[in-house]
Structures are given as C-alpha cells and as structure tokens.
Amino acid sequence: MSLRVRRVRIVWAFVPAFFAASAGLQAATFVVGSAGDASDSQPGDGVCETPLGCTLRAAIQEANALAGLDQVHFAIGSGTQTIRPASALPAITAPVVIDGTTQPGFTDRPLIVLDGSRAGGNGLLVTGGGSTLRGLVIDGFSGNGIEVRNGGGNVIETCYVGRDATGDGGRGNGDNGILIESSSDNRIGGPSKAQRNLVSGNTGKGNGGGIRLSGGGGNVVQGNFIGTDITGMLDRGNEGRGISVASSSNNLIGGPAAGAGNLISGNRATGVRLLGGASGNVVQGNFIGTDRTGQPVLKNDRGVQIRGSHQTRVLGNLIGGHVYDGVLILDGSSDNAVEGNLIFYNGQGPLGDPAEQGWGGVFVITGTRNRILSNLIYGNTLLGINLGTDFNPTPNDPGDGDGGANGFQNFPVVTSAHSAGGVVTVNGTLNSTPGSSFIVQLFASPACDVLGYGEGLYPFGQTTVNTNGSGNASFSVSVAIALPAGWAITGTATGPEGTSEFSTCTPLQ
C-alpha cells in the first residue's frame, strides 16, 4: 500500500468521530410522549429514550447534556395529562424551552400538570440562563413551584403555579410560587393575555408567597394574576405576599403598556413589598386589592410596602380595599415617589399596632424626600396621607423646623375657595422652611375625612411657591372646572423633605 493511500484512510477514520462530536452543537427537539418518570438510558446521545418512551425527566437530562437551545415538546395523548415525579426533577442547567402549549388540545390553558405530591422539593429549578418555561401547571411541591437561581434572561409564561389545570382549585406549593434568586433580566408573564401566569394559593408564609425577587435585578413581572383564580374575580390568595422584592434593584412590576399591569389581590400579607435595600424599582399600572374590573373587594393585608428601600416609583396603580394602608413607607425609606395612583377604601380591618398599621391611604412612618403627588385618594378609614407613628394629623409648626417622616412637612392653609362662572379660585398660604421652593397641589372631595382633614378625590390644580426669609408664601390658583358647592377643598405641599399631609378642609363657596 502506498503512503498516499494510507494517509487518505487515516483522514477518513476521523470523520465519524468529528461529526459525532459536532452533533452536540446542534439544538434538538425532544417530544415527551409519556407521563412516566423514568430517567434517560444514555444522556447526551441526542435521543430521549426510556423503557416507557420519552419522559420529562429524560428530556431535561438530554437537554442538559447537549449544547444549543433545545426544545421540549409534549404529545402525551391529548388534553390534560399529569406527571407525578417520584423525586425532584433534574435542575435545568443548559438553555432549553419547555413548552407545554405544544400538547395536543391546548387552546388557552395549560394541559401539562406537574404534581409534586410525591416529589417534594422544588417543581422546576433553573440554574442557568436563557431558558423558557411555558404552558405548565406546577402544583403540590413542598418547596418553590419554580426557582431560578443565578444566570438570567429566562422567561416564565402561560403557567399556573399553585393552582390546578382548572385555574381555581389546587393545593399550592409550600414556599413561593416563583423564586428568582441572584438572577437578572428575567421575564415573568408579559403584556399579552396569552403570556399571563396564574400564581395563587401557595402556602409559604414569612418571606414566601406568590413571586419573590431576591438579589439580582432588571426583572420584568407583567400581566399576571397573583392571588386570584384565573377569572380574576375570586380570592385564591397566597399565604404570604403577592410580590416580594428583597435587595433587588431596577425591576419593573407592571408597566405603562396596555396589559402590562398585574392583578395582585387576595394575598394574606402585603400585595407588593420592597425590602432591604431594594432600589430603583417601578410598580406601575397594577390592580392591587381589587378584582380584575377594579372593584376593591379582594383585599391584601396592605397594598404596597416600601421598607428600607429607596428610589421606588409607585405610578398609576389602583390600590384599594386593604385591611390596613394602601401604601406604607418605613424603616428610613427615602427618595420614593407615589404618583398618579387611585388609593381608595383602605383601612378596612381591625386596628392593630400603630407603628405598623395606619389605617389610611399613604402612611410614611420614617424616611424623607418621599413625594406623594397627583394621586386620587379617598374613602380611606382615617388620614389620606399620614406622617409619623400615630393616627392623628401632624400640626404645622412655625418655620417647619421639626423633623420626622418627610421632615413633618407643613401643609398649606386654604383661606378661601370660590366658584364663579365655571372657574374655581383657591387662595391660601404656606409657612415652611425659609427660602425654599414648594409644589402646592389642590384637591376636591365630596366631604372631609372623619378627622376634619382632606383627602383628595380630584386633584384639580397646582402651583409652585417660594417662601421668603420668614418662611412665608401665598398663592392664588384659578382653574376652569365645575365643582359642586360645599365640596371640601384641601391641599398638600411638597418640598425638599417630601410631601405633607392633607390640609384642613375649606368648603367651596
């Protein structure tokens, strides 16, 4: 045999091995055809194979062993099918799309049920990035329904976490429905109804509940029902909080787009809690404490709690019907903004510890530079805005030299309010920090609150005033608006230390 021929044969001998190694670089699709729980016979060979056919456990094992973005589809007969793992499923360590909407018969509700009654632990654990979990029911696990740890860029959509395939019954998971731990840039839900997750009935207390974001940041939580049934009309609350954000920053809960807001109602603790150094988070456009029509009948413990967190923006939400406050700010939380919300009929529960429960619209216990602007606040049991640790109005002090929540910013004094020719004119004064600029906002309500101070059903005008060297300023605001005679006119002042309580009421003449 010539040297040339031997070289050719040597080259061709390496070709099968080269293509076998390269096969792992190609994304694969595995079709789960069995509701069994057997393991794959040879993970990494690109074939999802057990004595019973391809199981979910085997498909995850194959996807973990192969490179590329693999797909896991389902064809277990048709209609609703239940998988009962005997032990925890493998952690998802490589990018994969597990898509329950591929199950024959799927229309708008998930048909693939992961029943954790035999497995305990977590339902699905994702320890990397770039995976999608779609169209699954995850119920009855003793730990978290879904846990995402490290990595990022994962998507969870069209899942029922803590409810059964009907979207109403179920046992719940024993801790959080969804836990995002030290992971960033994940998306839970989306603005389309087809992306909506139902996260309800989970039984974890304390830090547990519906959705928990811990560490990391930049996550998006949109369009979900958290604490209700799938119709958004019945209370199926999580035992803990609806959404808890701890030491995690720049997350978006809801958003300005149509369909982006979450329904966060019926939960046994706070609807949305931001805790422990969380900063830069936005809570926007959500229905908190209401049913999906906006009626305040599915209360959480309280609406939004900002606790030791900063630069939070609470914008354009419906926050109503809670046991305690609509919005609670405490533990030195500063530089937060509560703007453009409807905060109504809060304080419906029994009176408790006044350091925790203010029975009103917005309660700032400690912290400064918190801005409360352009909200519709009405029908709350006590004060619409409360600064400090008690339930009583905080009186003005000369020169506004006292300190406390929002610096105990003085409120303006409305000296007259008249309506003539379709124009309402309000005159008043403000005494506060000398040489400073303040936004004075004016509100109208059918009546004062029970303590003789205003709430603010309709914000209808504002002006900016500058105090002189003695701390005094006056204002006159005229607005073309039709308001009934006798309505209560009140105002707030927002300055360098934050927003005041509402002023005493002046009837419109």
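Is Arg268 buried, partly exposed or exposed, and what is its relative accessibility? Keep that residue in mind while loading the structure, which is a predicted model; the tour returns to Arg268 among the salt bridges and gives the answer there.

**The open sheet**

Begin by selecting the strands of the open sheet, which has 10 strands in the order β6-β9-β12-β15-β18-β21-β24-β27-β30-β33, with parallel pairing. Colour β6 (124–126) and β33 (385–387) separately, since these are the edge strands, and each of them pairs on one side only. Looking along the sheet, you will find neighbouring strands turned by 10 degrees against each other on average, if direction is ignored.

For a detail of this sheet, select residues 146–149, which form strand β9, together with residues 178–181, which form strand β12; the two pair in the parallel sense over four bridges. To follow the register, centre on Ile146, whose bridge partner in β12 is Ile178.

**Strand β8 and its partners**

Next, select residues 136–139, which make up strand β8, and display the side chains. Leu136 and Ile138 lie on one side, Val137 and Asp139 lie on the other, and all four are buried, so that both faces of the strand are covered, where buried means under 20% relative accessible area.

Add residues 112–115, strand β5, which pairs with β8 in the parallel sense over four bridges; here Ile112 has Leu136 in β8 as its bridge partner. Then add strand β11, residues 160–161, which runs parallel to β8 and is joined to it by two bridges. On this side, Val137 has Tyr160 in β11 as its bridge partner.

**The pockets and the cavity**

Keep Tyr160 selected, because this residue leads to the largest pocket: of the 16 residues in its lining, those closest to the pocket centre are Asp108, Tyr160, Lys193, Arg196 and Ile230, with the term lining covering residues that have an atom within 4 Å of a point. The space in the largest pocket comes to about 330 Å³, and its lining consists of six nonpolar, four polar and six charged residues.

Move on to the second largest pocket, with a volume of about 160 Å³. Its lining can be selected as Tyr378, Gly379, Asn380, Thr381, Ser445, Pro446, Ala447, Cys448, Asp449, Val450 and Glu455, and by class this lining has five nonpolar, four polar and two charged residues.

Which residues line the largest cavity? Select Ile372, Leu373, Ser374, Asn375, Ile377, Ile385, Gln441, Phe443, Thr492 and Phe502 to show them. Two elements, β31 (371–373) and β36 (437–445), each give two or more residues to this lining. The cavity holds about 40 Å³ of space, and its lining divides into six nonpolar, four polar and no charged residues.

**The salt bridges**

The last stops are taken from the 13 salt bridges found in a search of the whole structure. Select Glu157 and Arg187 first, which form a salt bridge whose closest N and O atoms are 3.0 Å apart. Glu157 belongs to strand β10 (residues 155–157) and Arg187 to strand β13 (residues 187–189), so the pair ties together parts that are 30 residues apart in sequence. Glu157 is buried, with a relative accessible area of 7%, whereas Arg187, at 26%, is partly exposed.

Now return to Arg268 and add Asp235, since the side chains of these two residues meet in a salt bridge at 3.2 Å, N to O. Asp235 sits in the loop between β17 (225–226) and β18 (241–246), and Arg268 in the loop between β20 (263–264) and β21 (272–275), so this pair ties together parts that are 33 residues apart in sequence. Asp235 is partly exposed at 31% relative accessibility, and the opening question is settled as well, with Arg268 counting as partly exposed at 40%.

Then select Arg369 and Asp335, a salt bridge with its closest N and O atoms 2.7 Å apart. Arg369 is in the loop between β30 (362–364) and β31, and Asp335 is in the loop between β27 (327–330) and β28 (337–339), so the pair ties together parts that are 34 residues apart in sequence. Arg369 is partly exposed, at a relative accessible area of 36%, and Asp335 is partly exposed, at 34%.

To finish, select Asp99, Arg134, Glu157 and Arg187, which are joined into one network by salt bridges that share partners.

Conventions:
Residues are numbered from 1 along each chain as its sequence is written. This is a predicted model: local features need pLDDT of at least 70, side-chain atom pairs count only at pLDDT 80 or more; totals for chains, interfaces and linings use all residues. Side-chain values use heavy atoms; hydrogens and water are left out. On a 1 Å grid over the protein atoms alone, a cavity is a set of points where a 1.4 Å probe fits but cannot get out, and a pocket is an open set with protein on both sides within 12 Å along at least five of seven lines; lining residues have an atom within 4 Å of a point. Grid points are joined across faces, edges and corners, and a volume is the space filled by probe spheres set on the points. Ala, Val, Leu, Ile, Met, Phe, Trp, Tyr, Cys and Pro count as nonpolar, Asp, Glu, Lys and Arg as charged, and the others, Gly among them, as polar. Two strands pair if DSSP finds at least two bridges between them. Axes are lines fitted to C-alpha atoms, for helices over the stretch in contact, and angles run from 0 to 180 degrees between N-to-C directions. A salt bridge is a side-chain nitrogen of Lys or Arg within 4 Å of a carboxyl oxygen of Asp or Glu. Buried means under 20% relative accessible area, exposed over 50%, partly exposed in between (1.4 Å probe, protein chains only).
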